[in-house]
Amino acid sequence: MFVQEEKIFAGKVLKIHICTMEGAEWLEEVTEDTTIEKLKEKCLKHCTHGSLEDPKTLTHHKLIHAASERILTETKTVADENLKDKDCLLLIKKRPQPAHAKMADIAAEEKKKQETKAPDKDAILKATANLSTRHSDRTVTQHNIRDFQTELRKILVSLIEVAQKILALNPDAVELFKKANAMLDEDEEERVDETALQQLTEMGFPESRAIKALRLNHMSVTQAMEWLIEHVDDPTVDMPLPGQEAQGAAGAAAAAASVSAGPSLSATGALARTLSQSSSEEAKQDELTEIFKRIRRKREFRPDSRAVIALMEMGFDEKEVIDALRVNNNQQDAACEWLLGDRKPSPEELDKGIDTNSPLFQAILENPVVQLGLTNPKTLLAFEDMLENPLNSTQWMNDPETGPVMLQISRIFQTLNRT
């Protein structure tokens, strides 16, 4: 039997996995003493199905070891490159060398750069050496850009005081605030931020669940979404909130009581006016004060329960955690930084209003939209709500009555802040 000499002395046969950028894959059998150039030629012949018409094709490609991401040297053998059986190689085309720029083009480019280059300090000093010096002691004033959310709280505190005084002058102030107080009782649980609800329903959550989640999480879309995901398999997820079923009956009873008491209250009011005008005014102020107190109690700050638990687990006391969340608008990360830092501003500073003589506050009070809004009890309720629960700001911004007032305050602040 005749055996070729190269077969007798041939090295170990390896099966190499070849891949191309076009997605082709195959196994190429080579011996350990085969050069990388020969292996590349075999691969290219496999791709071109036979012969290589263009001799440049061989020099325009390279083999890369996939595992080590190294380019294989063409003059070395398979053994020299330490290739193993079933190794994967990539056959890719080399990037073309960038064309060499002509010297004339380079000179023109450099000249253009020099012409457009800004003058340095020495050139400026040389050009201005003969100019007289003016305002040499001038200093540059650094303006601190104030944060709107920080200033908004101060603005709201002062505007609440103004709104209370304006509304107290209204002859029907007591009736207006009784209606406003009743609106809080009826609407506290019914009001839902339509924008937030739309975002959740567009994510695929049922509307009834989305409403429940928003009410439980103070209209925060992020927290409501997390609640919905956590309770997706909860059998009680669709149950109404405690007291919600009885709310309708309680509201009807209250309405009936107010109707039946209406004539007697009117008669009492008429009798009081006939007795003494001064005592009537005094009683009116006392009643307004009590209504203001009831409204404020209903708008007490409600800390995010999850944030409270998370911060208390870090070792902080419950009271200081609530203070931190109140100062930082229920933002857990900001509250944590406040607790670990110098704790400024303090909770006491939150109740301080803006300087009533400042240009910002005067500009706000002079705005016609704000002036009209301050005569609406709903605006006062909105200010109180945003003061204690900043997460509710979005729903008041979208309200047709209070939204324009908030928009004007924001615009005035941004305008004066830039100047």
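User: In this predicted model, which residue's side chain meets that of Glu-74 in a salt bridge?
Analyst: The model is predicted, and values here are computed from it. A salt bridge needs a Lys or Arg side-chain nitrogen within 4 Å of a carboxyl oxygen of Asp or Glu. The N to O distance from Glu-74 to its partner is 2.1 Å, and that partner is Lys-40.

User: How many residues apart in sequence are the parts that the Glu-74 and Lys-40 pair ties together?
Analyst: The two side chains meet in a salt bridge. Glu-74 lies in the loop between β4 and β5, while Lys-40 lies in helix α2, residues 36-48. The pair therefore ties together parts whose separation in sequence is 34 residues.

User: Is Lys-40 buried or exposed?
Analyst: Buried means under 20% relative accessible area. Its salt-bridge partner Glu-74 has 26% and counts as partly exposed. Lys-40 has a relative accessible area of 1%, so Lys-40 is buried.

User: How far apart in space are Glu-74 and Glu-37, C-alpha to C-alpha?
Analyst: Glu-74 touches several residues beyond four places away in sequence, including Thr-35, Ile-36 and Glu-37. Lys-40, Leu-58, His-61 and Lys-94 are also among the residues it touches. Glu-74 and Glu-37 are 37 residues apart in sequence, but their C-alpha separation is 4.6 Å.

User: Which residue's side chain meets that of Glu-81 in a salt bridge?
Analyst: Glu-81 lies in the loop between β4 and β5, and its partner lies in strand β4. The pair thus ties together parts that are 11 residues apart in sequence. Glu-81 is buried at 6%, whereas the partner is partly exposed at 29%. The N to O distance is 2.6 Å, and the partner is Arg-70.

User: Where does Asp-399, the partner of Lys-378, lie?
Analyst: The side chains of Lys-378 and Asp-399 meet in a salt bridge at 2.9 Å, N to O. Lys-378 is in helix α18, residues 377-388, and the pair ties together parts that are 21 residues apart in sequence. Lys-378 counts as buried at 18%, and Asp-399 is buried at 13%. Asp-399 lies in the loop between α19 (393-397) and α20 (403-418).

User: Which residues do salt bridges that share partners join into one network?
Analyst: The count comes to 11 salt bridges. Some of these share partners, and they join into one network Glu-226, Glu-230 and Arg-306.

User: Are α18 and α20 parallel, perpendicular or oblique to each other?
Analyst: Thr-379, Phe-383 and Met-386 in α18 meet Val-405, Met-406 and Ile-409 in α20. The axes are 10 Å apart, at an angle of about 60 degrees. Angles under 35 degrees count as roughly parallel, and 65 to 115 as roughly perpendicular. The two helices are therefore oblique.

User: Which strands stand at the edges of the open sheet?
Analyst: The sheet has 5 strands in the order β2-β1-β5-β3-β4, with mixed pairing. An edge strand here has a single partner, so one side is left without a neighbour in the sheet. The edge strands are β2 (25-31) and β4 (70-71).

User: What is the bridge partner of Ile-64 in β4?
Analyst: Strand β3 covers residues 61-65. β3 and β4 run antiparallel and are joined by 2 bridges. In β4, Ile-64 is paired with Ile-71.

User: Which residue in β5 stands opposite Lys-62?
Analyst: Strands β3 and β5 pair in the antiparallel sense. They do so over 5 bridges. The residue in β5 opposite Lys-62 is Ile-92.

User: Which residue in β5 is the bridge partner of His-17?
Analyst: Strand β1, residues 13-20, runs parallel to β5. The two strands are joined by 4 bridges. The partner of His-17 is Cys-88.

User: How many disulfides does a search of the whole structure find?
Analyst: A disulfide needs two cysteine sulfur atoms within 2.5 Å. The search finds none anywhere in the structure. For Cys-19, the nearest cysteine sulfur is that of Cys-88, 3.8 Å away, and Cys-19 is in no disulfide. The count is 0.

User: Is Cys-19 buried or exposed?
Analyst: The cut-off for buried is under 20% relative accessible area. Another cysteine, Cys-336, is buried at 17%. Cys-19 has 12% relative accessibility, so Cys-19 counts as buried.

Note on methods. Residues numbered from 1 in each chain as written. Predicted model: local features only at pLDDT ≥ 70, side-chain atom pairs only at ≥ 80, totals over all residues. Heavy atoms only, no water. Buried < 20%, exposed > 50% of the residue type's maximum accessible area, 1.4 Å probe, protein only. Pairing = 2+ DSSP bridges. Contact = heavy atoms within 4.5 Å. Axes fitted to C-alpha atoms, helices over the stretch in contact; angles between N-to-C directions. Parallel < 35°, antiparallel > 145°, perpendicular 65-115°, else oblique.
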